[in-house]
Amino acid sequence: MSSSNRPLSPHLQVYRPQITTTLSILHRITGVALAVGTLLLIYWLAAAASGPSAFASAQALVGSVIGRLLLFGWTFALFYHLCNGIRHLFWDAGYGFEMRTAERSGLAVVAASAVLTVASWIAGYTMMGGA
């Protein structure tokens, strides 16, 4: 078999996607999302330091529907990456490698991330007076 005809590894036609694979990929994606979201945070902070008109423009972007969706996604990415990082710390200590435990802890990470995201947004809107 020539090297141009050989399948890449992991070969998606051979391996069935598992929850651990999906969560690993999601961990990497959320890491990239956090880096990109940090650029938005830097823009907002730079605008705040630049003056009222620049800050008003940045606040209009962040306060728009698109901006809030991006912030919501960034919040989920933050909590997912945090919770999954804690899961990885347990793995580094040698715990949780059994398939059933790995699947359950993965589902717990997703659930905790969703709950923490929604709870933080509820708390934020409550502190703002429901704006």
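Which residue just after α4 takes a positive phi? In this predicted model, that residue is Gly-129, which lies just after α4 and has a positive phi of about 85°.

## Helix α4 and its buried residues

Helix α4 runs over residues 99-127, and its length can be checked with a short piece of reasoning. At 1.5 Å a residue, the 29 residues of α4 should span 42 Å, and the C-alpha atoms at its ends are indeed 42 Å apart, so the expected and computed values agree.

The buried residues of α4 are Ala-102, Gly-106, Val-109, Ser-113, Thr-117 and Trp-121, and what covers them includes α1 (19-50) and α3. Two members of this list, Gly-106 and Thr-117, stand eleven residues apart along the chain, and their C-alpha atoms are separated by 17 Å.

## A closer look at Ser-113 and Gly-106

Ser-113, which is found in helix α4, has a relative accessibility of 0% and therefore counts as buried. When its neighbours within four places in sequence are left aside, Ser-113 is in contact with Phe-76, Phe-79, Tyr-80 and Cys-83. With one of these residues there is also a polar link to describe, since the side chain of Ser-113 reaches the backbone nitrogen of Tyr-80 at 3.4 Å.

Gly-106 also has its place in helix α4, and its relative accessible area of 0% is the reason why Gly-106 is described as buried. Again leaving aside neighbours within four places in sequence, Gly-106 is in contact with Leu-23 and Arg-87.

## Helix α3 and its partners

Helix α3 covers residues 65-92, and the same kind of length check can be made here. The 28 residues of α3, taken at 1.5 Å each, should span 40 Å, and its end C-alpha atoms are 40 Å apart, which agrees with that expectation.

In α3, the buried residues are Gly-67, Thr-75, Ala-77, Phe-79, Tyr-80, Cys-83, Asn-84 and Arg-87, and the buried residues of this helix pack against α1, α2 (52-63) and α4. Thr-75, which is found in helix α3, may serve as an example: its relative accessibility is 14%, and because buried means under 20%, Thr-75 counts as buried. Apart from its neighbours within four places in sequence, Thr-75 is in contact with Thr-117, Ser-120 and Trp-121, and of these, Thr-117 and Trp-121 are among the buried residues of α4.

## Beyond the end of α3

Just after α3, Gly-94 takes a positive phi of about 95°. Tyr-95 is placed in the loop between α3 and α4, and with a relative accessibility of 54% Tyr-95 counts as exposed, because the word exposed is used for values over 50%.

Which residues form a nonpolar patch on the surface? They are Leu-82, Ile-86, Leu-89, Phe-90 and Tyr-95, and together these residues have about 550 Å² of accessible area.

## A residue of α1

The place of Ile-25 is in helix α1. Its relative accessible area is 46%, and Ile-25 is therefore described as partly exposed, a term for values that lie between the limits of 20% and 50%. Ile-25 and Gly-124 are 99 residues apart in sequence, while their separation in space, from C-alpha to C-alpha, is 29 Å.

Conventions
Residues numbered from 1 in each chain as written. Predicted model: local features only at pLDDT ≥ 70, side-chain atom pairs only at ≥ 80, totals over all residues. Heavy atoms only, no water. Patch = residues over 30% accessible without salt bridge, like charges linked within 9 Å, V, L, I, M, F, W, Y side chains within 5 Å. Areas by Shrake-Rupley, 256 points an atom, 1.4 Å probe, with all protein chains shown as cover. Salt bridge = Lys/Arg side-chain N within 4 Å of Asp/Glu carboxyl O. Helix = DSSP H or I, 4+ residues; strand = E, 2+ residues; numbered from the N terminus. Buried < 20%, exposed > 50% of the residue type's maximum accessible area, 1.4 Å probe, protein only. Polar contact = N/O pair within 3.5 Å; in protein donor to acceptor, adjacent residues only side chain to side chain. Contact = heavy atoms within 4.5 Å. Expected span 1.5 Å × (residues − 1).
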